[in-house]
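Please look through the sequence and the model below before reading on. The report that follows takes a few elements in turn and then turns to the chain as a whole.

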Amino acid sequence: MTPRPDVSADRKDLILNTAEDVFAQHGFDEARMDDIAERAGLSKGAIYWYFKKKDDIIAALLNRVFRRSIDAMRVLAAEDATVVTRLTRIGRQISRDYQAMSRLMPIALEFYAIALRQRNVRKHLAAMYAEIIAILVPLIEEGIRDKELDPTLDPRHAATTLVGIYEGLGVVWSITPKTVDWKTLGPEAIVMFTNGLRKK
């Protein structure tokens, strides 16, 4: 007999795509698992088979966004260019990622709130931050070795600061969207950051 295809990945994607639409329309608090199941054309039991609660769906949605962003950063960090150029490209990519996830920002804030309540979600978020920093630290170390960046820099501190700049802008944007224009402020932020890193 021909083995049955594994549809679990496709089913999860369907649920997540549908949940994103439902959360965007109704908000996290008002959205129900019933709404997601109905719009996805699935039974409520099928939703619960993959996700036990709404918190789990939010965690999966944000994990998907982070994973795409991290993969893009890794590619940019490996390009044949100066360190400042690669850092600048990474900053611009992060800005584009935030623009693309505009519908998800209220969900992202809920995700951070969940992280404060649930240790496993907090650990997962910390692991993603660690993965980003692990991409940035060798890049900054390379810039110091090549005398492109200030030799007094602590690479880990610099990498953590870069993450904090964009995460902080993301929080400000989610609360007062008009304050942060990702098309202009996002790229400007990485220029200000890299200017501070350059060898004096």
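## The first helix

In this predicted model, helix H1 covers residues 8–26, and its 19 residues, at 1.5 Å a residue, should span 27 Å, which agrees with the 26 Å that separates its end C-alpha atoms. The buried residues of H1 are Ile 15, Leu 16, Thr 18, Ala 19, Glu 20, Val 22 and Phe 23. Asp 13 also lies in H1, but it counts as partly exposed, because its relative accessibility is 36% and the partly exposed class runs between 20% and 50%.

After H1 comes Gly 27, and the phi of this residue is positive, near 85°. Asp 13 can also serve as a reference point for distances, since its C-alpha atom lies 26 Å from that of Glu 167, a residue 154 places away in sequence.

## How H5 and H8 pack

Helix H5 (residues 83–100) packs with helix H8 (residues 155–175) at an angle of about 25°, and their axes are 11 Å apart. Because angles under 35 degrees count as roughly parallel, H5 is roughly parallel to H8. The crossing in which H5 passes H8 is right-handed.

Which residues in H5 and H8 meet? On the H5 side they are Leu 87, Gly 91, Ile 94, Ser 95 and Tyr 98, and on the H8 side they are Leu 162, Tyr 166, Glu 167, Gly 170 and Trp 173. Sorted by class, this contact has 6 nonpolar, 3 polar and 1 charged residues.

## Tyr 98 in its surroundings

Tyr 98 is placed in helix H5, and it counts as buried because its relative accessibility is 8%, while the cut-off for buried residues is under 20%. Leaving aside residues up to four places away in sequence, Tyr 98 touches Met 105, Tyr 166, Glu 167, Gly 170, Trp 173 and Trp 182. For one of these partners, Glu 167, the C-alpha atom is separated from that of Tyr 98 by 9.7 Å, although the two residues are 69 apart along the chain.

## How H8 and H9 pack

H8 also packs with helix H9 (residues 185–197), here at an angle of about 160° and with the axes 11 Å apart. Because angles over 145 degrees count as roughly antiparallel, H8 is roughly antiparallel to H9. H8 passes H9 in a right-handed crossing.

The residues of H8 that take part are Ala 158, Thr 161, Leu 162, Ile 165, Tyr 166 and Leu 169, and they meet Leu 185, Gly 186, Ala 189, Ile 190, Phe 193 and Leu 197 in H9. By class, the contact of H8 with H9 has 10 nonpolar, 2 polar and no charged residues. One of the H8 residues in this contact is Thr 161, which counts as partly exposed because its relative accessibility is 41%. Between the C-alpha atoms of Thr 161 and Leu 14 there are 36 Å in space, and the two residues are 147 apart in sequence.

## The loop between H7 and H8

Two residues of the loop between H7 and H8 can be set side by side: Lys 147 and Asp 150. Is each of them buried or exposed? Asp 150 is buried, because its relative accessible area is 15%, whereas Lys 147 counts as exposed, because its relative accessibility is 59%.

Not counting residues up to four places away in sequence, Asp 150 touches Ile 144, Leu 197, Arg 198, Lys 199 and Lys 200. For Lys 147, the point to notice is the backbone: its phi is positive, about 60°, although the residue is not a glycine. Most residues other than glycine have a negative phi.

## The chain as a whole

The secondary structure of the protein chain comes to 9 helices and 0 strands, and from the N terminus on its elements run α-α-α-α-α-α-α-α-α. Along its principal axes, the C-alpha trace spans about 60 × 50 × 30 Å.

Of the 200 residues in the protein chain, 44% count as buried. When contacts between residues at least 6 apart in sequence are considered, 64% of them join residues at least 24 apart. The contact of Tyr 98 with Glu 167 is one between residues 69 apart along the chain.

Definitions and conventions:
Residues numbered from 1 in each chain as written. Predicted model: local features only at pLDDT ≥ 70, side-chain atom pairs only at ≥ 80, totals over all residues. Heavy atoms only, no water. Axes fitted to C-alpha atoms, helices over the stretch in contact; angles between N-to-C directions. Helix = DSSP H or I, 4+ residues; strand = E, 2+ residues; numbered from the N terminus. Parallel < 35°, antiparallel > 145°, perpendicular 65-115°, else oblique. Left-handed = near helix turned anticlockwise from the far one by under 90°. Contact = heavy atoms within 4.5 Å. Nonpolar A, V, L, I, M, F, W, Y, C, P; charged D, E, K, R; others polar. Expected span 1.5 Å × (residues − 1). Buried < 20%, exposed > 50% of the residue type's maximum accessible area, 1.4 Å probe, protein only.
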